[in-house]
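These are my notebook entries on one model, written down in the order in which I looked things up.

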Amino acid sequence: MKKITLIKGDGIGKEISQSVIDIFNAIKVPVEFEEKFAGLECFEKFGTALPQDTLDSIKRNKIALKGPTTTPIGGGHKSVNVTIRKSLELFANLRPSKTLPGINTRFGNVDIVVIRENIEDTYGAIEHMQTPDVAQTLRIITYQGSYMIHSFAFQYAIKNNRKKVTCVHKANIQKMSDGLFLKTFKEISQNYPYIKTEDIIVDNLCMQLVTNPERFDVLVLPNIFGDIVSDLCAGLVGGLGVAPSANIGRNIAVFEPVHGSAPDIAGKNIANPTAFILSSIMMLKYIGLDSYAKIIEQTLFNTLKNGIFTKDLQGNYSTSEFTQNIIKEINDLSKTTKLIDDCLISDNQLTKSMNEEIESINPPKNTPSNDWNIAGLDVFIEWNDIDNLPEIPKNYKKFELKMISNRGTKIYPPPIPEILMVNWYRCRYISTQPVNYQDVLEFLSVITEKNIKWMHIEVLRKYNDIEMFSKAQGED
Ligand code: NAI
């Protein structure tokens with residue numbers, strides 16, 4: 001009997017978990033749930049939103065089924081999801097959106113799998129208040145992380161008979177971060193000549209998804225775009241109530257609905273359990289219990305085909321009535337001999353062998369940094385006299401001031417545009433001769449002596465004489 005960690009979570013989590021438990025009991029799925037706690041209620045009870053005991057259970061069992069957990073906005077404890085994904089290195093988030101039987105939507109034939117990088121990007125949550133009025137988030141994209149997710153996307157495509165992988169990015173603006181994501185995609189795609197590839201800018205993708213979604217197959221995206229686009233795709237096939245997901249790492253996986261804890265409908269017995277049931281189906285396929293997965297899938301689809309809908313799909317069935325209908329379908333089915341012949345979804349499954357493929361994804365080691373040289377500095381300073389330019393040196397020994405910007409817009413060299421300014425400036429210095437870290441420290445002590453408050457510096461670097469930083473506006 002396979003042991004599985006079950007986290008019911010917050011809000012509607014208990015109601016939709018009960019649906020899955022009842023359905024699993026009805027067909028005697030050979031798994032044993034080990035219930036563990038996480039989320040806001042857990043935090044209020046035990047002082048931690050993710051007890052070590054819960055993490056240990058997932059690590060031990062290697063598989064978890066997780067309900068939604070509430071994350072306080074703008075403060076409070078860290079997101080349980082993000083912590084689980086990071087602690088267990090669940091680097092791939094898989095979100096299939098497929099037109100479901102019986103559900104009326106604008107488009108009839110959507111079948112998109114969103115593969116979202118799950119660790120990096122703004123989800124590093126590296127954030128700082130630079131001044132009381134200026135907030136900063138660092139967006140981290142790595143070659144190794146991109147290598148992992150793109151390799152996963154192509155291997156998923158092959159295993160599931162998918163024809164095309166589309167890389168989604170914003171490399172026209174974020175030339176370094178999205179540029180690296182896209183460049184790595186192109187590199188990895190060379191290993192998979194039989195899969196069609198394309199890339200698309202994320203805003204264009206959104207427009208095309210709501211006009212012609214049938215043209216997309218597998219999408220691979222950085223974390224934040226994947227988060228947003230997968231909700232959009234969920235909307236194309238009936239909304240968050242029907243959107244499942246899987247978080248996949250090396251030999252470990254956590255399955256959960258895309259939606260959150262839906263506090264607005266919690267405790268009312270009206271939540272749609274479909275997303276959670278579909279997540280549990282993905283889980284059963286992942287652990288090789290395909291026949292059980294197919295029975296649940298078929299009976300769920302029959303229920304939907306028969307117009308049994310919860311409120312979010314304009315129906316009037318409660319969560320428990322909806323569940324009972326699936327169980328009735330299972331009971332009816334079990335009276336016949338033909339159980340699982342015409343399963344509708346067969347290609348959003350991960351098979352056991354996918355795990356072996358993941359094992360084989362090994363990104364190259366870090367590029368040694370011996371050939372890096374310091375090319376300059378971006379110094380971020382606070383300067384309160386907004387009517388006058390900051391009094392910083394234009395030249396200091398090996399450093400020359402090239403540009404100052406405010407809110408990302410160039411204000412030096414003149415002309416100064418008429419923009420709303422804040423007391424936070426970026427000052428770009430380019431080195432006129434080779435410099436080292438001692439030179440950087442000396443420069444910083446000089447501006448410190450001038451009483452200039454600096455929040456951080458970015459050392460600008462060159463690799464084999466190629467600039468590893470974006471040109472500042474006005475430097476072209
Ligand atoms: P949400 O997904 O909980 O709700 C958005 C809207 O969709 C609400 O109107 C809700 O009633 C509806 N909805 C969601 N799931 C539904 C279902 N199964 N059946 C019927 N209607 C459903 O998103 P929201 O309100 O932004 O977030 C609530 C909380 O959930 C927040 O604390 C958020 O951080 C957390 N959250 C947790 C996630 C997770 O644990 N994986 C994912 C997304 C949000």
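**Entry 1, the ligand.** I began with Asp 264 in this predicted model, and I found that an N or O atom of the Asp 264 side chain lies 2.8 Å from an oxygen atom of the ligand. I then looked up how far the protein covers the ligand, and the value is 70% of the 810 Å² of accessible area that the ligand has on its own. For Asn 81 I noted that an N or O atom of its side chain is 2.8 Å from an oxygen atom of the ligand. With Ala 262 I had to look at the backbone, where an N or O atom lies 2.7 Å from an oxygen atom of the ligand.

How many residues surround the ligand? I wrote down 21, and the closest of them are Thr 69, Asn 81, Gly 260, Ala 262 and Asp 264. When I sorted the shell around the ligand by class, I had eight nonpolar, nine polar and four charged residues.

**Entry 2, the domains.** I next looked up the domain assignment of the chain, in which domain 1 is given as two stretches, 1-93 and 237-367, while domain 2 covers 106-232 and domain 3 covers 373-472. For domain 1 and domain 3 I also noted the distance between their C-alpha centres, which is 50 Å.

**Entry 3, Arg 116.** I found Arg 116 in strand E5, which runs over residues 111-117. Is Arg 116 buried or exposed? I entered Arg 116 as buried, because its relative accessible area is 1%, and the cut-off for buried is under 20%. The side chain of Arg 116 is joined to the side chain of Tyr 123 by a polar contact of 3.2 Å. Leaving out residues up to four places away in sequence, I listed the residues that Arg 116 touches, among them Arg 85, Phe 91, Tyr 123, Ile 149, Leu 221 and Asp 227.

**Entry 4, Lys 196.** I turned last to Lys 196, which lies in strand E9, residues 196-201. Lys 196 counts as exposed because its relative accessibility is 57%, and the cut-off for exposed is over 50%. Which residues is Lys 196 in contact with, leaving aside its neighbours within four places in sequence? I noted Lys 163, Lys 164 and Val 165. I checked Lys 164 further, and although Lys 196 and Lys 164 are 32 residues apart in sequence, their C-alpha atoms are 4.4 Å apart in space.

Methods: Residues are numbered from 1 along each chain as its sequence is written. This is a predicted model: local features need pLDDT of at least 70, side-chain atom pairs count only at pLDDT 80 or more; totals for chains, interfaces and linings use all residues. Side-chain values use heavy atoms; hydrogens and water are left out. A residue is near a molecule or strand if one of its heavy atoms lies within 4 Å of it. A polar contact is a pair of N or O atoms within 3.5 Å; within protein, one must be able to donate a hydrogen and the other to accept it, and residues adjacent in sequence count only if both atoms are side-chain atoms. Accessible areas come from the Shrake-Rupley method with a 1.4 Å probe; for residues, only the protein chains shown count as cover. Ala, Val, Leu, Ile, Met, Phe, Trp, Tyr, Cys and Pro count as nonpolar, Asp, Glu, Lys and Arg as charged, and the others, Gly among them, as polar. Domain bounds come from an automatic or database domain assignment. Helices (H or I, at least four residues) and strands (E, at least two) are DSSP runs, numbered from the N terminus. Buried means under 20% relative accessible area, exposed over 50%, partly exposed in between (1.4 Å probe, protein chains only). Contact means heavy atoms within 4.5 Å.
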